[in-house]
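Colleague: I should like to go through this structure with you and ask, point by point, what justifies each description.

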Amino acid sequence: MTAQDIHADRILVLDFGSPFTQLIARRIRGIGVFCEIHPFDVGEDVIRAFNPRGIILSGAPEVAQFSDMPAVPQWVFDLQLPVLGLGYGMHAMAQQFGGQVQGAAERQFATVRVDVIAANALLDGVRDTATAVSPSGLDVLISHGEQVTVLPLGFNAIASTESCAIAGIADATRNYYGLQFHPEETQTTQGLAIISRFVLDICGCAGLWTPANIVEDAIAKVRAQVGNRKVLLGLSGGVDSSVVAALLHKAIGDQLTCVFVDHGLLRLHEGDQVMRMFAQNMGVKVIRVDAEQRYLDLLKGVTDPETKRKIIGRTFIEIFDEESSKLEGIDFLAQGTIYPDVIESASIKGGKSVAVKSHHNVGGLPEDMKFELVEPLRELFKDEVRKLGVELGLPHDMVYRHPFPGPGLGVRILGEVTKEYADMLRLADHIFIEELRKAGWYDKTSQAFAVFLPVRSVGVVNEERRYAWVVSLRAIETIDFMTARWAHLPYELLETVSGRIITEIEGISRVVYDVSSKPPATIEWE
């Protein structure tokens with residue numbers, strides 16, 4: 001094991017249903033401290049066993065009546081730990097200690113200036129640039145339909161805005177704090193500093209949660225779990241499975257065997273790149289299964305996106321099962337499960353956060369596959385997985401590639417999936433990404449891709465009439481993928497991409513650009 005226990009100092013985030021609860025945890029992880037998210041009504045025994053150094057109470061979704069919302073469990077305060085309530089978390093804490101919460105004159109969701117009005121351990125010394133109007137202010141994202149109107153016993157007000165007299169509260173004796181605004185959001189410019197103050201200074205946590213320490217800890221755990229036995233991994237070429245492959249190879253060497261199912265719906269040359277990276281360069285044992293025709297046959301005539309997802313996921317499982325049955329002496333199955341998968345699975349089973357849309361991940365494996373699971377990324381967020389990949393020596397460009405759905409081009413081809421459509425879309429997508437990189441825009445966008453539209457349009461190419469297909473370009477900017485803005489790419493760049501696609505791909509006559517943001521649209525079209 002590592003010389004120091006990187007899980008020793010930990011923070012609990014209690015989730016009251018806010019869609020941004022994961023941002024709180026990612027902020028805490030980002031400053032080097034382990035944390036977990038649990039629903040607000042989790043059992044006290046679970047949390048006592050978790051043994052946190054402090055607790056953060058999340059916000060909550062908008063509701064018709066504040067009185068309908070749940071209270072903070074009494075055991076949170078019985079633990080006598082530092083507590084920080086954010087948004088609804090502040091309101092619930094204030095009301096439980098005798099304060100009053102009332103509906104605001106109007107719901108507010110905006111970036112505003114908040115003034116620090118009293119000395120306190122949470123905000124002292126944390127400031128944005130002072131102005132003549134607000135020498136002690138912070139620029140923050142505030143979101144609320146209610147506000148504290150009467151302070152609870154033992155608390156004093158530490159922050160205010162023009163429209164909210166009590167925008168922050170503190171009880172220094174018990175180390176209880178509440179903020180009307182949201183430091184987890186990037187619009188709160190000193191948000192990371194505020195969370196760091198609570199986690200590192202008030203809770204006294206040490207910043208041991210670093211990529212190097214996580215790698216060392218994960219390798220030690222894998223070796224302890226696996227011993228000298230063999231592990232099988234489904235390698236997709238995506239970030240998660242690639243990092244798992246690199247980590248396991250470093251931990252157990254040739255005890256690892258990977259199965260790479262090439263379903264023919266990957267990006268241009270991606271299958272060959274996967275084999276070159278892992279089999280040739282790293283010496284990982286990889287079995288490549290060319291399953292393109294099998295997938296195309298099963299997808300023939302299928303237009304419903306959910307049906308396509310299920311076919312692609314189910315067929316992967318079938319092929320993986322077939323290949324695993326050919327191998328002898330396999331005791332463990334490795335998976336690239338990451339922490340958001342764990343949280344969202346809990347939500348499906350009755351947790352508090354509500355999913356907006358089903359994910360594109362490949363489905364679960366058959367129950368009769370008698371393997372023990374190895375899930376070395378289970379505690380990590382996606383950004384942490386990427387940092388681990390770099391720490392393990394994977395190329396930066398590979399680890400920080402834009403997200404790609406599990407069903408691949410199957411959900412970027414609207415309607416029926418055919419080889420003709422997949423080949424055209426693969427090339428169009430490659431041209432788009434290539435030009436984004438040339439223009440320095442790839443890293444400025446969070447995700448960019450092309451979508452094949454089953455629509456024919458008239459065009460004139462090389463002085464000849466062409467009645468051919470349409471593709472849409474999609475590029476977005478986002479911090480958390482929960483909300484996203486369409487990327488305002490330069491017209492000249494779009495013109496270059498469009499010109500190349502139409503002239504270089506015979507089957508395409510028109511290119512359009514998607515200017516929808518999320519919400520109301522989703523990032524992927526299907």
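Colleague: To begin, where is Pro-520 placed?

Modeller: Pro-520 lies in the segment after E18. Please bear in mind throughout that this is a predicted model. Pro-519 is also in the segment after strand E18, which spans 508-513.

Colleague: What makes the peptide bond from Pro-519 to Pro-520 worth a remark, cis or trans?

Modeller: The bond from Pro-519 to Pro-520 is cis, with omega near 10°. The bond from Lys-518 to Pro-519 is cis as well, with omega near -15°. These merit attention because most peptide bonds are trans.

Colleague: What is notable about the phi of Asn-175?

Modeller: Phi of Asn-175 is near 60°, a positive value in a residue other than glycine. Most residues other than glycine have a negative phi. Asn-175 sits in the loop between strand E8 (168-171) and strand E9 (176-179). His-269 likewise has a positive phi, of about 65°, and is not a glycine. The place of His-269 is the loop between strand E11 (256-262) and helix H8 (270-281).

Colleague: Why is Asn-175 called partly exposed, and why is His-269 called exposed?

Modeller: Asn-175 has a relative accessibility of 25%. Buried requires under 20% and exposed over 50%, so Asn-175 falls in between and counts as partly exposed. His-269 stands at 51%, which is over 50%, and therefore counts as exposed.

Colleague: Why is Ala-94 called buried?

Modeller: The relative accessible area of Ala-94 is 0%. That is under 20%, so Ala-94 is buried. The residue is found in helix H4 (residues 88-96). Leaving aside residues up to four places away in sequence, Ala-94 touches Gly-99, Val-148, Pro-152 and Ile-169. The C-alpha atoms of Ala-94 and Val-150 are separated by 8.6 Å, although these residues are 56 apart along the chain.

Colleague: What makes strand E7 mostly covered, and how do you know that E7 pairs with E8?

Modeller: Four of the five residues of E7 (residues 156-160) are buried. As for pairing, three bridges join E7 to E8; at least two are required, so the strands pair. They run antiparallel. In one of these bridges, Ala-159 has Gly-168 in E8 as its partner.

Colleague: How many cavities of 30 Å³ or more are counted, and which residues line the largest cavity?

Modeller: The count comes to one cavity of 30 Å³ or more, and about 30 Å³ of space lies in the largest cavity. Its lining consists of Gly-237, Gly-238, Val-239, Ser-242, Val-243, Leu-394, Met-398, Val-399 and Arg-401. Helix H7 (239-252) and helix H13 (396-399) are the elements that give two or more residues to this lining. H7 gives the most, with three residues.

Colleague: What is the division of that lining into nonpolar, polar and charged residues?

Modeller: The lining divides into five nonpolar, three polar and one charged. Glycine counts as polar, so Gly-237 and Gly-238 belong with the polar residues.

Colleague: Finally, where does pLDDT stay under 50?

Modeller: It stays under 50 over residues 348-364, for which the model has 32 contacts beyond four places in sequence. The protein chain averages a pLDDT of 89, and 90% of the residues score at least 70. Among its elements, helix H11 (residues 339-348) has the lowest mean, 71, and helix H14 (residues 419-438) the highest, 98.

Key
Residues are numbered from 1 along each chain as its sequence is written. This is a predicted model: local features need pLDDT of at least 70, side-chain atom pairs count only at pLDDT 80 or more; totals for chains, interfaces and linings use all residues. Side-chain values use heavy atoms; hydrogens and water are left out. Buried means under 20% relative accessible area, exposed over 50%, partly exposed in between (1.4 Å probe, protein chains only). On a 1 Å grid over the protein atoms alone, a cavity is a set of points where a 1.4 Å probe fits but cannot get out, and a pocket is an open set with protein on both sides within 12 Å along at least five of seven lines; lining residues have an atom within 4 Å of a point. Grid points are joined across faces, edges and corners, and a volume is the space filled by probe spheres set on the points. pLDDT is the predictor's confidence in each residue, from 0 to 100. Contact means heavy atoms within 4.5 Å.
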